[in-house]
Amino acid sequence: IAAYDARFGVTAICNSQQAPCPEADYDRSTFTGFWSAVSAVNDGGVPLTFSVNRADFINNAFGVRTTDMNNASVLFSNFEVGNYNGCGTGIYTDYVTGFAFEENDFSKFSGAAVSDYFGIIINNSEAVNEVYNNVFNGLSYANFADGKNFLPNNYWEGLAYYCNENDNNYADFFVNDFTVGK
């Protein structure tokens, strides 16, 4: 999916009459073998967003890649991160805020080559945001933050990570050096 200045949603369909829907009865979307499975870009002129709910991303260099798409949500999805040219990422954001990245599972694709594998990369969110209740297993960097991920003029409030589970990662959290005034 390549979305430019567009709203969209990727949602699993429930194949059961039971409410709430049993997890096993969801017909999930699957994205396999792409350079960028879901790419959402906004020029900033009109506020737009997108959502991904209960999707499987298998052996993609980028599962979800987004720029300037505020208030995006990626929920209950599985990422078996592949690679292209030496790295791969489950969710990559650039200048995105107000997001909900919750209850997802991230791991390296079982057949993937030796490389750098990232769960979530967040660049320049410039606000208070949180990554909540995800599972990261066997990655190079589970969570990688770069740039300004804090409020303007307030370096103590910004990006936070809550209730995530990390197992067998080289680095669970990596915050790239940021010098105020850059």
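Which residue meets Glu23 in a salt bridge at 3.6 Å, N to O? The exercises below treat a predicted model.

**Exercise 1. Trace the salt bridges that begin at Glu23.**

Solution.

Step 1. The partner is Arg28, whose side chain meets that of Glu23 at 3.6 Å, N to O. The contact satisfies the criterion, a side-chain nitrogen of Lys or Arg within 4 Å of a carboxyl oxygen of Asp or Glu.

Step 2. Glu23 also forms a salt bridge with Arg54, with an N to O distance of 3.0 Å. Glu23 belongs to the loop between strand 3 (13-14) and strand 4 (26-27), and Arg54 to the loop between strand 7 and strand 8 (55-60), so this pair ties together parts that are 31 residues apart in sequence.

Step 3. Arg28 has a salt bridge with Asp56, in which the closest N and O atoms are 3.0 Å apart. Arg28 is in the loop between strand 4 and strand 5 (29-32) and Asp56 is in strand 8, so parts 28 residues apart in sequence are tied together.

Step 4. Through shared partners, the salt bridges join Glu23, Arg28, Arg54 and Asp56 into one network. The count for the structure comes to 3 salt bridges.

**Exercise 2. Classify Glu23, Arg54 and Asp56: which are buried, and which is partly exposed?**

Solution.

Step 1. The cut-off for a buried residue is a relative accessible area under 20%, and that for an exposed one is over 50%.

Step 2. Arg54 has 12% relative accessibility and therefore counts as buried. Asp56 is buried because its relative accessible area is 15%.

Step 3. Glu23 has a relative accessible area of 44%, so Glu23 is partly exposed.

**Exercise 3. Determine the geometry of the aromatic pair Phe8 and Phe50, then that of Phe62 and Tyr92.**

Solution.

Step 1. The structure holds 15 aromatic pairs. In one of them, the ring centres of Phe8 and Phe50 are 5.1 Å apart and the planes meet at 10°, so the pair is stacked.

Step 2. Phe8 is in strand 2 (residues 8-11) and Phe50 in strand 7 (residues 50-53), and the pair links parts of the chain 42 residues apart.

Step 3. Phe8 counts as buried at 18% relative accessibility, and Phe50 is buried at 3%.

Step 4. Phe62 and Tyr92 form an edge-to-face pair, at 5.8 Å centre to centre with 75° between the planes. Phe62 is in strand 9 (residues 62-67) and Tyr92 in strand 12 (residues 87-94), so parts 30 residues apart in sequence are tied together. Both residues, Phe62 and Tyr92, are buried.

**Exercise 4. Identify the arginines whose charged ends lie over aromatic rings.**

Solution.

Step 1. Arg65 places its charged end over the ring of Phe62, 4.3 Å from the ring centre.

Step 2. Arg54 lies over the face of Phe76, at 4.4 Å from the centre of the ring. Arg54 is also a member of the salt-bridge network with Glu23, Arg28 and Asp56.

**Exercise 5. Describe the lining of the largest pocket.**

Solution.

Step 1. The volume of the largest pocket is about 170 Å³. Of its 12 lining residues, those closest to the centre are Ala145, Asn149, Phe150, Leu159 and Val175.

Step 2. At least two lining residues come from each of strand 18 (141-146) and strand 21 (160-162).

Step 3. By character, the lining comprises 7 nonpolar, 4 polar and 1 charged residues.

**Exercise 6. Examine the backbone at Pro20, Tyr95 and Asn124.**

Solution.

Step 1. Most residues other than glycine have a negative phi, and most peptide bonds are trans.

Step 2. The bond from Ala19 to Pro20 is cis, with omega near -5°. Pro20 is in the loop between strand 3 and strand 4.

Step 3. Tyr95, although not a glycine, has a positive phi of about 55°. Tyr95 lies in the loop between strand 12 and strand 13 (100-102), and counts as partly exposed at 40% relative accessibility.

Step 4. Asn124 likewise has a positive phi of about 55° without being a glycine. Asn124 is in the loop between strand 15 (116-123) and strand 16 (130-132), and is buried, with a relative accessible area of 15%.

Technical notes:
Residues numbered from 1 in each chain as written. Predicted model: local features only at pLDDT ≥ 70, side-chain atom pairs only at ≥ 80, totals over all residues. Heavy atoms only, no water. 1 Å grid on protein atoms, 1.4 Å probe; cavity = no way out; pocket = protein on both sides within 12 Å on 5 of 7 lines; lining within 4 Å. Points joined across faces, edges and corners; volume = space filled by probe spheres on them. Helix = DSSP H or I, 4+ residues; strand = E, 2+ residues; numbered from the N terminus. Nonpolar A, V, L, I, M, F, W, Y, C, P; charged D, E, K, R; others polar. Phe/Tyr/Trp six-rings, centres within 6.5 Å; stacked < 30°, edge-to-face > 60°. Buried < 20%, exposed > 50% of the residue type's maximum accessible area, 1.4 Å probe, protein only. Lys NZ or Arg CZ within 6 Å of the ring centre and 35° of its normal.
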